[in-house]
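User: I'm new to this structure and would like a close look at one part of it. Could you walk me slowly through one pair of packed helices, and then show me how that part fits with its surroundings?

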Amino acid sequence: MTSPVLNVSNLVKRFPTGRSGVFVNAVNGVDLSIAPGETLGMVGESGSGKSTIGRAVLRLTEPTEGKITFDSRDITAIPERQMRPLRRDMQMVFQDPWSALNPRMRIGDLIAEPMKLHLDLSKSERENKTIDLANRVHLRPEFLRRHSADLSGGQLQRVCIARAIATNPKLIVLDEPTSSLDLSVRAEILDLLTEIREQTSAAMLFISHDLGTVKLISDRIVVLYLGSVVESARTEELFRNPAHPYSQSLLSAHLPADPNAKLSRHILKGEVPSPINLPSGCTFRTRCPVAKDFCEREVPKPHQIGTSGHEANCLRIPDGGNRITPSEVA
Amino acid sequence: MAETVSSDFEGDATSKPAFSLKNRLIGIARVSPTMAAGILIILAFGVMALFAEFLMPHDPVSAYHDRILQPPSAEHWFGTDGNGMDVFSRVIYGAKFGFGIAIPAVLLSIIIGVPVGLIAGYRGGLLDEVLMRFFDGLRVFPSIILALAVVAATGQSLLNVVLVLGFLDSPVFARVVRSEVLALRSSVFVESAKAAGNPTWRILFVHLLPNAVQGAMAQTAVRAAWAVRISATLAFLGVGIQAPTPEWGAMIRQGAEFMVTGQWWVALYPGIALILLVFGLNLFGDGLQDLTDPRRRAAK
């Protein structure tokens, strides 16, 4: 097996709250691994730490603990000066394309910027490549002379994607790239990303709160809850056989494409606990319909399910009580 | 640096009508009549400064020994001074000093202040504290006394006046730029620039500067008014520029002696010129600030 392009082990990120000794526990010991060319989907509610993980992986936020290995190189603590040349191989697409682009720069210059920074090209080579990139993201070349205020959200996100693929990176982190866009535009951007995934060899970390979106694009999915991974499986396997009660309820909230499909839903009760005071033991136990006494005391470890690399962190897997009995809805 | 900042994609997608000063002025006058008045005053003095040689009826520094302290007449519109020099010609020539000090002084303030504001705002922490406390320290002294002391100590020359004024006023630009950068540094496009692999100097000068410089630009006219005022004050106090140089402050100093004996024209006309130019610059500067600050615009 080839070595992963990205490996994250025991990543912890705590943000200070202003009061001494009180922290927001955004990420609590996350392990991740992405193979070259693989697309890993990361789902979780807002506050589950998914964006923080994405930003920490690119060293846009400093991890509190843990180790990040990119392309077999430990990048956890290297200074920004050494980080900069590596950024050629790791790019990012942000959630809100309106604010992710310098409003004073021309679109063409924005797309060309990563090439200007990392590749040794003549001005005309760079211009030609910029036009190629615009074509690849289906952006009309006349937009290259405009500024971001003249473009729509979908067009701007195409610009961001063109920027991200300009240097042929090994990893692209996409932080909810479609969630701020209209539904029809969202589908176009997803199609574009699927296309790019097939054209390039870049691995992707696709962050989203929407299972449907992640399902379309990911080879594998990790489910996050309160800054911890609760389940990780290949996409089809997760949808066929979700093992963690949280994944099961997430999937039951996800509408299938078939309008005649019988809906069996399980809606979670209560609120997500505060990341300042995490519940003891299994952090999901306060909302878990199948929680037992021991869930309060013991921290769940990953359980292997089958041989496809499917793992779930639930204490009730050994006794088989991890299944939520579905309540049928008409 | 110039190469990296320039655009590969020059040329506008939409064609703009040709620039016309008259149409511009009419447009501005509709929005803000005071700003248009300010521009007209500045333009008038600008013409005086540029074409003084053609506008002056007499040499500003040649003395008519037989015409000392003559009142305004057809030959000497603003009268003559204690040396028998033509006050009208001297007032016109004085515009050269007004602009000649104010423009380079403000440029120097910008060259010092803007990069300091950028770095202090972006880096934050100890560097920010040290830089800004030092600049606050500069602002604590009454600027006229500090300028007086420094010019007196460094030597009486026009260049020293420009350097001192430019340095003393740089905190104004540093503050404005720093506060803009503080608001911008956590914005997504700056993070996106960092993620793309931009070195710090490019984040500062290519990404932050064009977005943070508007407030500083709005200050330029008001700071030029300040520079005109302070340089005239220094000359009035006899520091920097000396009589019989045709500088307004120096002329007012010379004329002040004759006020008591009734020869009012020697001090009055350079005084009016000074007030008008400062007033015009302030009107224009106020208009600039209104245009760039949406809160001030909304209040009108």
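Analyst: Happy to! Let's begin with where the two chains meet, then move in on the helix pair. Please keep in mind that this is a predicted model.

In the contact between the chains, 31 residues of chain A meet 20 residues of chain B. On the chain A side, β6 (90-93), α3 (107-118) and α4 (123-136) each supply at least two residues. The largest share comes from α3(A), with 7 residues. Sorted by class, this side of chain A holds 15 charged, 11 nonpolar and 5 polar residues.

Now for chain B, the home of our helix pair. Chain B has 14 helices and 0 strands, so to speak a run of α after α when read along the sequence. Its C-alpha atoms fill a box of roughly 75 × 50 × 40 Å along the principal axes. Of the 300 residues of chain B, 44% count as buried. Among contacts in chain B between residues at least 6 apart in sequence, 70% join residues at least 24 apart.

Here is the close look. Two packed helices are described by the angle between their axes and the distance between the axes. For helix α8 (residues 158-184) of chain B and helix α11 (residues 214-236) of chain B, the angle is about 155° and the axes are 10 Å apart. Angles over 145 degrees count as roughly antiparallel, and that is why α8(B) is described as roughly antiparallel to α11(B). The crossing of α8(B) and α11(B) is right-handed.

Which residues make the contact? From α8(B) come V161(B), L165(B), D169(B), V172(B), F173(B), V176(B), V177(B) and E180(B). From α11(B) come G215(B), A216(B), Q219(B), R223(B), W226(B), A227(B), I230(B), S231(B) and L234(B). Taken by class, the residues of this contact divide into 11 nonpolar, 3 polar and 3 charged. As you trace them in the viewer, a little background helps: an α-helix has 3.6 residues a turn, so residues three or four places apart point the same way.

Two members of this contact, L165(B) and A227(B), lead us on to the largest nonpolar core. That core has 162 residues, and L165(B) and A227(B) are among those that touch the most other members, along with A162(A), L171(A) and L205(A). Helix α5 (residues 87-123) of chain B gives the largest share of the core, 18 residues. On the chain A side, L171(A) is a good one to click on: leaving out residues up to four places away in sequence, L171(A) touches V5(A), L6(A), I34(A), D89(A), M90(A), A202(A), A203(A) and L205(A).

For comparison, try two spots elsewhere in chain A. Helix α9 (residues 245-252) of chain A is largely enclosed by the rest of the structure, because 6 of its 8 residues are buried. The buried ones are P245(A), Y246(A), S247(A), Q248(A), S249(A) and L250(A), and they pack against α7 (211-217), β9 (220-225), β10 (228-234) and α8 (235-240) of chain A.

The other spot is H303(A), in strand β12 (residues 303-305) of chain A. H303(A) has 18 other C-beta atoms within 10 Å, so H303(A) is partly exposed. Not counting residues up to four places away in sequence, H303(A) touches E311(A), A312(A), C314(A) and I317(A).

Note on methods:
Residues numbered from 1 in each chain as written. Chains lettered and ligands numbered in written order. Predicted model: local features only at pLDDT ≥ 70, side-chain atom pairs only at ≥ 80, totals over all residues. Contact = placed C-beta atoms within 7 Å. Helix = DSSP H or I, 4+ residues; strand = E, 2+ residues; numbered from the N terminus. Nonpolar A, V, L, I, M, F, W, Y, C, P; charged D, E, K, R; others polar. Core = buried A, V, L, I, M, F, W, Y, C linked by C-beta atoms within 7 Å. Buried ≥ 20, exposed ≤ 12 C-beta atoms within 10 Å, placed from the backbone. Axes fitted to C-alpha atoms, helices over the stretch in contact; angles between N-to-C directions. Parallel < 35°, antiparallel > 145°, perpendicular 65-115°, else oblique. Left-handed = near helix turned anticlockwise from the far one by under 90°.
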